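Welcome! Here are three short exercises to work through with the structure open beside you.

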Amino acid sequence: VSFQFDKQIVFKNAESVGISTFKNPGDSNHNIVLELQLSDTEIKKVFGTTCRTPEERVKIEKQPGYSPETTRQVIARSGAIPPGYALDEIKLKPLQDGTVLKKGEYKAIIYLVFYDIKTNERAMLNSQLPVLLKILE
(Lines give C-alpha, C1' and ligand atoms only; values in the text may rest on other atoms or scores of the structure.)
Protein backbone atom coordinates (compact mmCIF):
# COMPACT_ATOMS: atom_id res chain seq x y z
CA VAL A 1 0.00 0.00 0.00
CA SER A 2 1.06 3.53 -0.66
CA PHE A 3 -0.68 6.89 -0.43
CA GLN A 4 -0.10 10.62 -0.26
CA PHE A 5 -2.10 13.17 1.74
CA ASP A 6 -2.18 16.75 3.01
CA LYS A 7 -1.52 17.20 6.73
CA GLN A 8 -4.30 19.79 6.98
CA ILE A 9 -7.92 19.93 5.84
CA VAL A 10 -9.60 23.34 5.67
CA PHE A 11 -13.36 23.92 5.72
CA LYS A 12 -15.06 27.30 5.27
CA ASN A 13 -17.65 26.10 7.81
CA ALA A 14 -19.00 22.80 9.13
CA GLU A 15 -21.53 22.54 6.28
CA SER A 16 -19.02 23.19 3.48
CA VAL A 17 -16.73 20.83 1.63
CA GLY A 18 -13.18 20.57 2.97
CA ILE A 19 -10.28 20.85 0.59
CA SER A 20 -7.68 18.17 0.89
CA THR A 21 -5.69 16.03 -1.47
CA PHE A 22 -5.45 12.35 -0.73
CA LYS A 23 -3.92 10.21 -3.49
CA ASN A 24 -3.97 6.47 -3.90
CA PRO A 25 -1.07 6.07 -6.37
CA GLY A 26 -1.51 3.97 -9.50
CA ASP A 27 0.95 1.33 -8.32
CA SER A 28 -1.10 0.58 -5.20
CA ASN A 29 -2.82 -2.81 -5.05
CA HIS A 30 -5.68 -1.77 -2.73
CA ASN A 31 -8.72 0.45 -2.81
CA ILE A 32 -8.73 2.82 0.17
CA VAL A 33 -11.66 4.17 2.20
CA LEU A 34 -10.76 7.25 4.20
CA GLU A 35 -12.42 8.12 7.50
CA LEU A 36 -11.89 11.42 9.27
CA GLN A 37 -12.20 10.85 13.02
CA LEU A 38 -12.19 12.96 16.19
CA SER A 39 -11.38 11.54 19.62
CA ASP A 40 -13.75 12.09 22.52
CA THR A 41 -10.97 14.16 24.11
CA GLU A 42 -10.98 16.62 21.16
CA ILE A 43 -14.77 16.83 21.14
CA LYS A 44 -14.92 17.40 24.93
CA LYS A 45 -12.40 20.26 24.69
CA VAL A 46 -14.85 22.23 22.55
CA PHE A 47 -18.30 21.08 23.70
CA GLY A 48 -17.72 19.81 27.26
CA THR A 49 -19.37 16.51 26.33
CA THR A 50 -18.83 13.77 23.76
CA CYS A 51 -21.94 14.87 21.81
CA ARG A 52 -23.62 11.48 21.85
CA THR A 53 -27.27 10.70 22.48
CA PRO A 54 -27.98 9.50 26.04
CA GLU A 55 -28.38 5.93 24.78
CA GLU A 56 -25.03 5.97 22.98
CA ARG A 57 -23.36 7.66 25.95
CA VAL A 58 -24.40 4.80 28.24
CA LYS A 59 -23.51 2.16 25.66
CA ILE A 60 -20.00 3.53 24.99
CA GLU A 61 -18.82 5.77 27.81
CA LYS A 62 -19.97 3.61 30.71
CA GLN A 63 -18.07 0.54 29.51
CA PRO A 64 -15.08 -0.66 31.54
CA GLY A 65 -11.90 0.39 29.78
CA TYR A 66 -13.51 3.37 28.04
CA SER A 67 -10.82 5.91 27.10
CA PRO A 68 -11.67 9.34 25.65
CA GLU A 69 -8.23 9.48 24.03
CA THR A 70 -8.80 6.35 21.94
CA THR A 71 -12.58 6.36 21.44
CA ARG A 72 -13.53 8.30 18.31
CA GLN A 73 -16.42 9.45 16.20
CA VAL A 74 -16.30 9.33 12.40
CA ILE A 75 -17.03 12.84 11.10
CA ALA A 76 -16.47 12.11 7.39
CA ARG A 77 -16.10 9.02 5.20
CA SER A 78 -15.13 8.65 1.57
CA GLY A 79 -16.18 6.00 -0.87
CA ALA A 80 -13.57 3.57 -2.18
CA ILE A 81 -10.62 5.37 -3.75
CA PRO A 82 -9.10 3.08 -6.39
CA PRO A 83 -5.41 3.05 -7.35
CA GLY A 84 -4.56 6.01 -9.56
CA TYR A 85 -7.31 8.24 -8.15
CA ALA A 86 -7.45 11.07 -5.62
CA LEU A 87 -9.95 12.46 -3.14
CA ASP A 88 -9.83 16.26 -3.45
CA GLU A 89 -12.63 17.20 -1.09
CA ILE A 90 -14.60 15.72 1.75
CA LYS A 91 -17.83 16.70 3.52
CA LEU A 92 -18.26 16.69 7.28
CA LYS A 93 -21.22 15.07 8.95
CA PRO A 94 -22.57 16.09 12.36
CA LEU A 95 -21.46 14.38 15.54
CA GLN A 96 -23.52 11.44 16.80
CA ASP A 97 -26.15 13.63 18.52
CA GLY A 98 -26.47 16.02 15.55
CA THR A 99 -24.07 18.69 16.83
CA VAL A 100 -22.07 20.41 14.08
CA LEU A 101 -18.45 21.37 14.60
CA LYS A 102 -17.66 24.96 15.58
CA LYS A 103 -15.08 27.33 14.15
CA GLY A 104 -11.60 26.34 15.25
CA GLU A 105 -8.80 23.84 14.91
CA TYR A 106 -9.10 20.16 15.78
CA LYS A 107 -6.49 17.43 16.04
CA ALA A 108 -8.12 14.78 13.90
CA ILE A 109 -7.14 11.35 12.63
CA ILE A 110 -7.28 10.11 9.06
CA TYR A 111 -8.09 6.42 9.40
CA LEU A 112 -7.48 4.37 6.27
CA VAL A 113 -9.21 1.08 5.55
CA PHE A 114 -7.76 -0.99 2.71
CA TYR A 115 -9.65 -3.37 0.40
CA ASP A 116 -8.18 -5.85 -2.10
CA ILE A 117 -8.84 -4.56 -5.63
CA LYS A 118 -9.67 -8.03 -6.97
CA THR A 119 -11.70 -9.62 -4.17
CA ASN A 120 -12.88 -6.45 -2.36
CA GLU A 121 -12.00 -8.19 0.90
CA ARG A 122 -10.94 -5.95 3.74
CA ALA A 123 -7.21 -6.12 4.29
CA MET A 124 -5.75 -6.91 7.69
CA LEU A 125 -3.75 -3.69 7.46
CA ASN A 126 -5.25 -0.36 8.50
CA SER A 127 -3.42 2.89 9.02
CA GLN A 128 -4.02 6.09 10.93
CA LEU A 129 -2.40 9.46 10.47
CA PRO A 130 -2.71 12.75 12.37
CA VAL A 131 -4.21 15.68 10.48
CA LEU A 132 -5.13 19.24 11.45
CA LEU A 133 -8.76 20.07 10.77
CA LYS A 134 -9.53 23.80 10.42
CA ILE A 135 -13.01 25.30 10.32
CA LEU A 136 -12.79 28.97 9.40
CA GLU A 137 -16.26 30.28 10.32
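**Exercise 1: The nonpolar core**

Find the residues that touch the most other members of the largest nonpolar core.

*Solution.* In this predicted model, the largest nonpolar core holds 28 residues, and those touching the most other members are L34, L36, I75, L92, L101, L112 and L133. Next, look at where the core comes from: strand 2 (8-11), strand 4 (30-39), strand 5 (72-77), strand 6 (85-91), strand 7 (104-116) and strand 8 (122-135) each give it at least two residues. Finally, pick L101 and set aside its neighbours within four places in sequence; its contacts are then A14, L38, F47, I75, L92, L95, Y106, L133 and I135.

**Exercise 2: The buried side of a helix**

List the buried residues of helix 1 and work out how they are placed around its axis.

*Solution.* Start with residues 40-47, which form helix 1; D40, E42 and I43 are the buried ones. These three span an arc of only 160° around the axis, so they sit on the same side of helix 1. Now see what they meet: the buried residues of helix 1 pack against strand 4, strand 5 and strand 7. Step just past helix 1 and you reach G48, with a positive phi of about 80°.

**Exercise 3: A cavity**

Locate the largest cavity and describe its lining.

*Solution.* Searching the whole structure gives one cavity of 30 Å³ or more. The volume of the largest cavity is about 40 Å³. Its lining consists of I9, S20, F22, L34, L87, E89 and I90. Sorted by class, that makes five nonpolar, one polar and one charged residues. Strand 6 provides the largest share, three residues.

Methods
Residues are numbered from 1 along each chain as its sequence is written. This is a predicted model: local features need pLDDT of at least 70, side-chain atom pairs count only at pLDDT 80 or more; totals for chains, interfaces and linings use all residues. Side-chain values use heavy atoms; hydrogens and water are left out. A nonpolar core is a set of buried Ala, Val, Leu, Ile, Met, Phe, Trp, Tyr and Cys residues joined through side-chain atoms within 4.5 Å. Buried means under 20% relative accessible area, exposed over 50%, partly exposed in between (1.4 Å probe, protein chains only). Helices (H or I, at least four residues) and strands (E, at least two) are DSSP runs, numbered from the N terminus. Contact means heavy atoms within 4.5 Å. The arc is that of the directions from the helix axis to the C-beta atoms. On a 1 Å grid over the protein atoms alone, a cavity is a set of points where a 1.4 Å probe fits but cannot get out, and a pocket is an open set with protein on both sides within 12 Å along at least five of seven lines; lining residues have an atom within 4 Å of a point. Grid points are joined across faces, edges and corners, and a volume is the space filled by probe spheres set on the points. Ala, Val, Leu, Ile, Met, Phe, Trp, Tyr, Cys and Pro count as nonpolar, Asp, Glu, Lys and Arg as charged, and the others, Gly among them, as polar.
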